[in-house]
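Here are a few exercises to work through with the model open beside you. Try each task before you read its solution.

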Amino acid sequence: MNFDFSDEQQQLRDQARRFLAERCPPRAVREVLEGRAPYDRELWKGFAEMGFLGVAIPETYGGAGAGQLELCVLAEEVGRVLAPLPFSSTVYLAAEALKLAGSAAQQQKWLPLIAAGEAIGTLALFEGRGQPSPQAIRAMVQDGVLSGVKSPVPDGAIADFAIVVARSGHSGREQDIGLFLVDLSGDGIAIKALQSIDPSRGQAELRFEGAKVEPLGAPGEGWSLVTQLLDRAAVLIAFEQIGGADRALEMGRDYALDRIAFGRPIGSFQAIKHMLADMYVAATLARSNAYYGAWALSTDAAELPEAAAAARISATEAFQHCAKNNIQVHGGMGFTWEFDCHLYFRRANALALLLGGPSYWEDRLIERMRRKNAA
């Protein structure tokens, strides 16, 4: 049996890698990191022209009509180059939420705009520190208007619309939680950009005071709809992370082969060999779990909850491990601004918290395995 991507999906990978090698070198990431532009607008436009933004959007809404596996392929390539784009917030979160629970009118309005690169979306889940949970949600929707504060919101300062997780009742039950679509150009919304460890992927605070909203999904779906969305996004983020982990490993390997100390490449020293071997093992294990998650996501399998959690945990550990050890392999030079090692370290730590920290996904995996064993 062949557990790898198909020939057509490999061709998509090659196409995306060539495009990104030309349009998104490290200097393009640094221009966003060090400058005032919140993202690379020309690269975003190029993504739309190449059809990457709409790869998993149905053709009826202007997309390519491909599947989740193709989106996983693109996610890995985006992660390899640290593309300074609102790709994950718009495609993995906002577009997936619309496909999962949006009405026909909502899909018809926003999905074509996403596919064309004319709209940026995001998910507003967090309200300060802490892990995702129904108890942490205090934002309230009453009579079709939203009040509350969401922070941090990925790419919230540049988004055109947001899918907001909020309460619609006071019973305290999970069913009170729902998804609501907010046009961020409307009244009653204050947006403030936040500082973060990775300025190439912005964060923002969204303050709502009587902002008009549209419900997303049927009443009573509650927190279960949020967890479905997080599971789907976790698999896609995992592919970004393994892309970054693989590239960090390659950077460390190449430097170890080129750097000469005491008359020999530093890669010939046992300590460096062990470090690179550990990085390889972590990245390979993460890839295995990510592939399992990709299968579960693309087939809508019942195993998706535990597959998503396993992919998320292993990919987070692998990217952080490889990014940190890449700096160590480079030695003192790895800590300097001029080398690109810190770019991967920044992104590894930013992605680790995007959908909830590692402990949140570890708890979810344990709970899901416990339920599975009890059944």
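**Exercise 1: a pair across two helices**

Take Arg 13 and Glu 76, which form a salt bridge, and work out which parts of the chain they tie together.

Solution. Start with the distance: the closest N and O atoms of Arg 13 and Glu 76 are 3.1 Å apart, and the cut-off is 4 Å. Next, place the two residues: Arg 13 sits in helix 1 (residues 7–23) and Glu 76 in helix 4 (residues 68–81), so the salt bridge ties together parts that are 63 residues apart in sequence. Last, check the surroundings: Arg 13 and Glu 76 are both buried. Keep in mind that this is a predicted model. Its salt bridges number 22 in total.

**Exercise 2: a pair inside one helix**

Find out how Arg 30 and Glu 34 are placed in helix 2, and decide whether each is buried or partly exposed.

Solution. Helix 2 (residues 26–34) holds both residues, four residues apart, or about one turn of the helix. Their salt bridge has its closest N and O atoms 3.5 Å apart. Now for burial, where the cut-off is under 20% relative accessible area. Arg 30 comes in at 12%, so Arg 30 counts as buried. Glu 34, at 48%, is partly exposed.

**Exercise 3: helix 7 and its partner**

Which helices does the salt bridge between Arg 232 and Glu 96 tie together, and does the length of helix 7 agree or disagree with what its residues should span?

Solution. Arg 232 and Glu 96 bring their closest N and O atoms to 3.1 Å. Arg 232 belongs to helix 7 (residues 222–258) and Glu 96 to helix 5 (residues 87–101), so this pair links parts 136 residues apart in sequence. Both Arg 232 and Glu 96 are buried. For the length, allow 1.5 Å a residue: the 37 residues of helix 7 should span 54 Å, and the end C-alpha atoms are 55 Å apart, which agrees. Helix 7 is also mostly covered, with 29 of its 37 residues buried.

**Exercise 4: the cysteines**

How many disulfides does the model have?

Solution. Use the cut-off of 2.5 Å between cysteine sulfur atoms. The count is zero. Take Cys 24: the nearest cysteine sulfur belongs to Cys 341 and is 17 Å away, and Cys 24 is in no disulfide. Cys 24 counts as buried, at 3% relative accessibility. Then Cys 322: the nearest cysteine sulfur is again that of Cys 341, here 12 Å away, and Cys 322 is in no disulfide. Cys 322 is buried too, with a relative accessible area of 0%.

Conventions
Residues are numbered from 1 along each chain as its sequence is written. This is a predicted model: local features need pLDDT of at least 70, side-chain atom pairs count only at pLDDT 80 or more; totals for chains, interfaces and linings use all residues. Side-chain values use heavy atoms; hydrogens and water are left out. A salt bridge is a side-chain nitrogen of Lys or Arg within 4 Å of a carboxyl oxygen of Asp or Glu. Buried means under 20% relative accessible area, exposed over 50%, partly exposed in between (1.4 Å probe, protein chains only). The expected span of a helix is 1.5 Å times one less than its number of residues.
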